Amino acid sequence: MPTTKSLPLLEPETAETATPCCPPLTERTFTAEEAERTAKMFKALGDPVRLRLFSAVASHPGGEACVCDISDVGVSQPTVSHHLKKLKEAGLLSSERRGTWVYYRVEPSVVTAMGNLLAPAGN
């Protein structure tokens with residue numbers, strides 16, 4: 001007889017519950033670790049191809065995209081894979097292999113934290 005296990009559902013993160021990468025710019029000076037982590041994310045987004053891939057995943061219906069659906073960014077498939085790897089290493093995307101394809105998702109907590117980082121004081 002097969003056994004099944006129910007897993008708890010995770011609540012979506014909001015601006016208040018997101019794991020911060022660092023404090024808002026107007027709050028205090030970054031520690032060396034916070035600056036390093038934040039720079040890695042912005043550096044990953046500083047490349048036009050990576051920014052297009054990140055945008056393609058973020059705007060894809062359902063919040064995730066198969067690599068087969070977002071590869072048309074003007075570079076070869078190996079280069080697309082390299083750029084997606086860099087976005088994953090920066091913590092901006094997560095991925096899941098399904099058969100022969102890999103599906104990518106934007107990490108909502110990181111995007112929320114980055115938005116909080118850039119929010120003007122008092123918002």
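Contact here means heavy atoms within 4.5 Å, and that is the sense in which residues touch in the legends below. The structure is a predicted model.

**Figure 1. An overview of the chain shows five helices and three strands.** Starting at the N terminus, the elements follow one another as α-α-β-α-α-β-β-α. The protein chain has 123 residues, of which 30% are buried. Among the contacts with a separation of 6 or more, 56% join residues 24 or more positions apart.

**Figure 2. Three strands build an open sheet in the order 1-3-2.** The pairing in this sheet is antiparallel. Strand 1 (64-66) and strand 2 (93-98) each have a single partner strand and stand at the edges, so one side of each is left without a neighbour in the sheet. On average, neighbouring strands are turned by 25° against each other, direction ignored. Helix 2 (residues 48-59) packs on the sheet and touches strand 1, strand 2 and strand 3. The direction of helix 2 makes about 85° with that of strand 3. Helix 4 (residues 77-89) lies across strand 2 and strand 3, and runs at about 125° to strand 2.

**Figure 3. A hairpin joins strand 2 and strand 3, with two residues between them.** Look for G99 in the turn, where phi is positive at about 65°. Six bridges link strand 2 to strand 3 (residues 101-106) in the antiparallel sense. To follow the pairing residue by residue, start with L93, whose bridge partner in strand 3 is V106. S94 has R105 as its bridge partner, and E96 has Y103.

**Figure 4. Strand 3 also pairs with strand 1, in the antiparallel sense over three bridges.** Here Y103 of strand 3 is the bridge partner of C66; on the strand 2 side, Y103 is the bridge partner of E96. In a regular strand, side chains alternate between the two faces of the sheet. For strand 3, the covered face holds V102, Y104 and V106, while W101, Y103 and R105 belong to the uncovered one.

**Figure 5. Helix 1 (residues 32-45) has a buried side and a face turned away from it.** Its 14 residues reach 20 Å from the first C-alpha to the last, close to the 20 Å expected at 1.5 Å a residue. The buried residues of helix 1 are E34, T38, M41, A44 and L45. They cover an arc of only 125° around the axis, which puts them on the same side of helix 1. An α-helix has 3.6 residues a turn, so residues three or four places apart point the same way. Turn to the face directed away from the buried side and you will find the exposed residues A32, E36 and K43. The cover over the buried residues of helix 1 includes helix 2, helix 4 and helix 5 (108-118).

**Figure 6. Helix 1 and helix 5 pack with their axes 12 Å apart.** The angle between the two helices is about 100°. That makes helix 1 roughly perpendicular to helix 5. On the helix 1 side, T38, M41, F42 and L45 make the contact; helix 5 contributes V110, M114, L117 and L118. Of the helix 1 residues in this view, T38, M41 and L45 are among the buried ones.

**Figure 7. Helix 2 and helix 4 pack at an angle of about 75°.** Their axes are 10 Å apart. Helix 2 and helix 4 are therefore roughly perpendicular to each other. From helix 2, the residues V49, R50, L53 and F54 take part. They meet V80, H82, H83, L84, K86 and L87 in helix 4.

**Figure 8. A close-up of H83 shows a residue placed in helix 4.** Is H83 buried or exposed? H83 is buried, because its relative accessible area is 8% and buried means under 20%. Which residues does H83 touch, not counting those up to four places away in sequence? They are D47, V49, R50 and L53. V49, R50 and L53 also appear in Figure 7, as helix 2 residues that meet helix 4.

Key: Residues numbered from 1 in each chain as written. Predicted model: local features only at pLDDT ≥ 70, side-chain atom pairs only at ≥ 80, totals over all residues. Heavy atoms only, no water. Pairing = 2+ DSSP bridges. Helix = DSSP H or I, 4+ residues; strand = E, 2+ residues; numbered from the N terminus. Axes fitted to C-alpha atoms, helices over the stretch in contact; angles between N-to-C directions. Expected span 1.5 Å × (residues − 1). Buried < 20%, exposed > 50% of the residue type's maximum accessible area, 1.4 Å probe, protein only. Arc of directions from axis to C-beta. Parallel < 35°, antiparallel > 145°, perpendicular 65-115°, else oblique.
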